[in-house]
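Here are a few exercises to help you find your way around a new structure. Try each task yourself before you read the solution below it.

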Amino acid sequence: MMTGPSIRRPRPWEKKEIVDEYKRRAANYLNIFDPSLGYARPRMEDGSWKPDFDLLSTHGQGFIEGNSVNYSFYVPQDVNGLIQQMGGDRSFINKLDSLFTMHLPAKFFEHTEDVTEEGLLGGYVHGNEPSHHVPFLYAWTSQPYKTQYWQREIMNRMYRNNIDGLCGNDDCGQMSAWYIFSAMGFYPVCPGTDQYVLGAPYLPYMKVNLENGNTFEIKANKISDKNRYVKSVKLNGKPYLKGYITQDDIMNGGVLEFEMSSQPNKNRVFKGDAQPYSLSMIH
């Protein structure tokens with residue numbers, strides 16, 4: 001019996017109508033950003049903003065186990081768009097800085113399930129997993145070195161070798177997974193992509209044995225609490241100027257080498273194709 005040539009069906013991401021629909025959905029966060037606040041704010045059924053809104057409160061404000069100053073940063077698919085909603089590069093950096101350094105009075109978290117003082121760094125809640133990408137958001141700004149600073153602060157303060165060593169429930173292993181990724185010097189901010197955003201390693205040497213038989217090594221000679229800043233990066237011996245590595249970079253095996261310093265390299269900024277993925281790309 002003779003049959004004609006097989007016809008390959010389009011994959012979902014090859015169908016323009018599906019792509020366009022999900023792009024629209026990915027931009028829905030824009031509908032709840034209040035320009036007068038520069039943060040997310042719930043809307044009422046009639047479309048009006050929620051009255052008597054409190055950016056810091058975790059009760060009755062439209063968020064679960066967190067507040068607006070944390071959840072407003074949960075736009076991993078469109079960080080450039082988020083930066084614009086928050087007033088641009090300088091305003092975005094200021095908001096991130098404030099999150100890590102502010103004083104959060106106990107009344108805003110003492111009655112909140114699974115959020116304790118041990119899991120707070122300023123107003124940043126490392127004990128609540130939806131915040132875990134936040135330290136890496138500096139990579140899209142003019143000050144990526146601040147990711148390197150806060151990574152190490154979180155690892156030193158939020159992970160301890162005792163009975164309460166984790167500052168939050170290890171839901172699906174996420175508290176532990178964050179530590180492993182961060183110790184290697186990168187993190188999957190937007191899991192729908194193949195990119196891991198670069199920060200700084202925690203250890204001088206790590207080696208990953210990959211399932212395809214290859215190995216991936218991470219080296220950071222002279223890394224320490226003092227030498228926490230990345231001066232430059234090499235991938236397989238060649239200068240690497242991007243703010244991320246890819247899944248293929250890892251699976252192909254090789255060596256990712258960080259040159260560390262006690263002073264931040266303020267000229268190491270990622271633009272164009274060197275910048276990690278964002279739905280709104282800025283070139």
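**Exercise 1. Find which residues K50 is in contact with, leaving aside its neighbours within four places in sequence, and work out whether K50 has a salt bridge.**

Step 1. In this predicted model, locate K50 in the loop that lies between β2 (39-40) and α2 (68-71).

Step 2. Setting aside neighbours within four places in sequence, list the contacts of K50: R41, P42, R43, M44, G60 and Q61.

Step 3. Look for a side chain of opposite charge. The nearest is D52, 6.3 Å away. A salt bridge needs the charged atoms within 4 Å, and K50 has none, although K50 is buried.

**Exercise 2. Name the buried residues of helix α6 and find elements that cover them.**

Step 1. Go to residues 174-184, which form α6. Its buried residues are M175, W178, S182, A183 and M184.

Step 2. Think about spacing. An α-helix has 3.6 residues a turn, so residues three or four places apart point the same way.

Step 3. Now look at the cover over these buried residues. It includes the helix α5 (145-158) and the strands β5 (186-187), β7 (205-209), β8 (215-219) and β12 (254-261).

Step 4. Move just past the end of α6: there G185 takes a positive phi of about 100°.

**Exercise 3. Trace the open sheet of 5 strands and find which strands stand at the edges.**

Step 1. Follow the order β7-β8-β12-β9-β10, and note that the pairing is mixed.

Step 2. Check the partners at the edges. β7 and β10 (238-239) each have a single partner strand, so one side of each is left without a neighbour in the sheet.

Step 3. Zoom in on β7 and β8, which run antiparallel and are joined by 5 bridges. Here N209 stands opposite T215 in β8.

**Exercise 4. Which residues have the most contacts inside the largest nonpolar core, and which helix gives the most to this core?**

Step 1. Start from a general tendency: in soluble globular proteins, nonpolar side chains tend to be buried together.

Step 2. The largest nonpolar core has 61 residues, and F73, F186, F216, I245, L256 and F258 have the most contacts inside it.

Step 3. Helix α4 (residues 89-101) gives the most to this core, with 5 residues.

Step 4. Take F186 as a case. Not counting residues up to four places away in sequence, F186 touches residues including F136, Y196, F216, I245 and L256.

Key:
Residues are numbered from 1 along each chain as its sequence is written. This is a predicted model: local features need pLDDT of at least 70, side-chain atom pairs count only at pLDDT 80 or more; totals for chains, interfaces and linings use all residues. Side-chain values use heavy atoms; hydrogens and water are left out. Buried means under 20% relative accessible area, exposed over 50%, partly exposed in between (1.4 Å probe, protein chains only). Helices (H or I, at least four residues) and strands (E, at least two) are DSSP runs, numbered from the N terminus. Contact means heavy atoms within 4.5 Å. Two strands pair if DSSP finds at least two bridges between them. A nonpolar core is a set of buried Ala, Val, Leu, Ile, Met, Phe, Trp, Tyr and Cys residues joined through side-chain atoms within 4.5 Å. Lys and Arg count as positive and Asp and Glu as negative; His and the chain ends are not counted.
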